[in-house]
Amino acid sequence: MIQIRASEDRGHANHGWLDTYHSFSFADYYDPAHLNFSALRVLNEDRVQPGQGFPRHGHRDMEIVTYVLEGALEHRDSMGNGSVIRVGDAQRMSAGTGVQHSEANPSKTEAVHFLQIWIQPHTNGLPPSYEQKHFAPAELADQLRLIASPDGRDGSVIIHQDAFIYAARFDNTRTIAQPLAPERRAYLHVARGALRANQTPLHTGDGARIENETRVDLAVIAGTECLLFDLA
């Protein structure tokens with residue numbers, strides 16, 4: 001079964017410096033039908049204007065994954081980490097018992113476009129931690145590349161939950177298949193472009209809840225970028 005979450009049905013707020021879309025309830029946007037999907041709690045698509053950003057603020061008991069689509073995002077936190085997240089990077093911050101951080105667009109001319117993902121951890125009260133890895137264009141091209149997992153397999157960042165995040169950028173029109181183990185579900189987000197998931201069409205900004213399926217067949221056009229979440 002595939003249930004579409006159309007791009008235009010997402011929560012939306014434009015604050016001038018920040019243009020944001022929420023696939024699930026977040027901040028002032030509340031929809032009881034879209035609180036979460038399994039452990040996937042937040043999937044925000046954000047565009048931050050040059051020189052703007054989120055001032056220092058706190059989180060706890062959440063796995064936060066940031067994936068940049070265009071531009072760059074500067075991160076600083078109370079653990080002493082400071083980095084710039086660029087296209088091809090996957091950053092994971094485990095908030096655990098509590099962490100403070102800020103995020104800003106360091107460019108004076110270019111907006112940053114990114115996805116921020118929150119995964120509920122399997123255990124509360126973990127020590128805060130941080131990880132960032134880069135995936136070269138060839139690693140993401142025309143395939144679903146694992147970028148986050150519970151055990152760090154294949155060079156992915158580690159998240160404290162039975163969840164796997166795959167990313168892909170398709171330079172060519174093609175079809176690929178991703179198996180789903182029994183009792184597992186998936187969430188698909190199309191960051192740009194268009195595809196068909198098990199014959200169901202999706203376009204830029206669309207999402208899909210996938211349940212009671214043994215595999216996900218993606219027929220993708222060139223220029224498409226997407227993320228797939230394999231969830232318990």
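Analyst: A strand, as the word is used here, is a DSSP run of E of at least two residues, and strands are numbered from the N terminus. In this predicted model, D154 lies in the loop between two such runs, β13 (145–149) and β14 (157–158).

User: What makes D154 an exposed residue, and what is notable about its phi?

Analyst: Exposed requires a relative accessible area over 50%, and D154 is called exposed because its value is 55%. Its phi is near 55°, which is positive although the residue is not a glycine.

User: Why is A27 called exposed, and where is it found?

Analyst: The relative accessible area of A27 is 67%, so it passes the cut-off and counts as exposed. A27 is found in the loop between β3 and β4, and it has a positive phi of about 55° without being a glycine.

User: Which residues come closest to the centre of the largest pocket, and how much space lies in that pocket?

Analyst: About 300 Å³ of space lies in the largest pocket. Of its 19 lining residues, L18, H22, F26, A27 and F54 are the closest to the centre. The elements that each give two or more residues to this lining are β2 (11–14), β3, β4 (40–48), β5 (53–59) and β11 (112–119).

User: Why is E63 said to have no salt bridge, and is it buried or exposed?

Analyst: E63, in strand β6 (residues 63–70), is buried. A salt bridge needs a side-chain nitrogen of Lys or Arg within 4 Å of a carboxyl oxygen of Asp or Glu, whereas the nearest side chain of opposite charge, R92, is 4.6 Å away from E63; the pair therefore does not meet the cut-off.

User: What makes the pairing of E63 with S94 a polar contact?

Analyst: The side chains of E63 and S94 are joined at 2.8 Å, and because the limit for a polar contact is 3.5 Å, that value qualifies. Beyond its neighbours within four places in sequence, E63 is in contact with residues including R92, M93, S94, W118 and H160.

User: How do you know that D19 has no salt bridge, and what does its side chain pair with?

Analyst: D19 belongs to strand β3 (residues 18–22) and is buried. Its nearest side chain of opposite charge, R47, is 5.1 Å away, so the 4 Å criterion is not met. The side chain of D19 does form a polar contact with that of H12, at 2.6 Å. Leaving out residues up to four places away in sequence, D19 touches H12, A13, N14, E45, D46 and R47.

Technical notes. Residues are numbered from 1 along each chain as its sequence is written. This is a predicted model: local features need pLDDT of at least 70, side-chain atom pairs count only at pLDDT 80 or more; totals for chains, interfaces and linings use all residues. Side-chain values use heavy atoms; hydrogens and water are left out. Helices (H or I, at least four residues) and strands (E, at least two) are DSSP runs, numbered from the N terminus. Buried means under 20% relative accessible area, exposed over 50%, partly exposed in between (1.4 Å probe, protein chains only). Lys and Arg count as positive and Asp and Glu as negative; His and the chain ends are not counted. A polar contact is a pair of N or O atoms within 3.5 Å; within protein, one must be able to donate a hydrogen and the other to accept it, and residues adjacent in sequence count only if both atoms are side-chain atoms. Contact means heavy atoms within 4.5 Å. On a 1 Å grid over the protein atoms alone, a cavity is a set of points where a 1.4 Å probe fits but cannot get out, and a pocket is an open set with protein on both sides within 12 Å along at least five of seven lines; lining residues have an atom within 4 Å of a point. Grid points are joined across faces, edges and corners, and a volume is the space filled by probe spheres set on the points.
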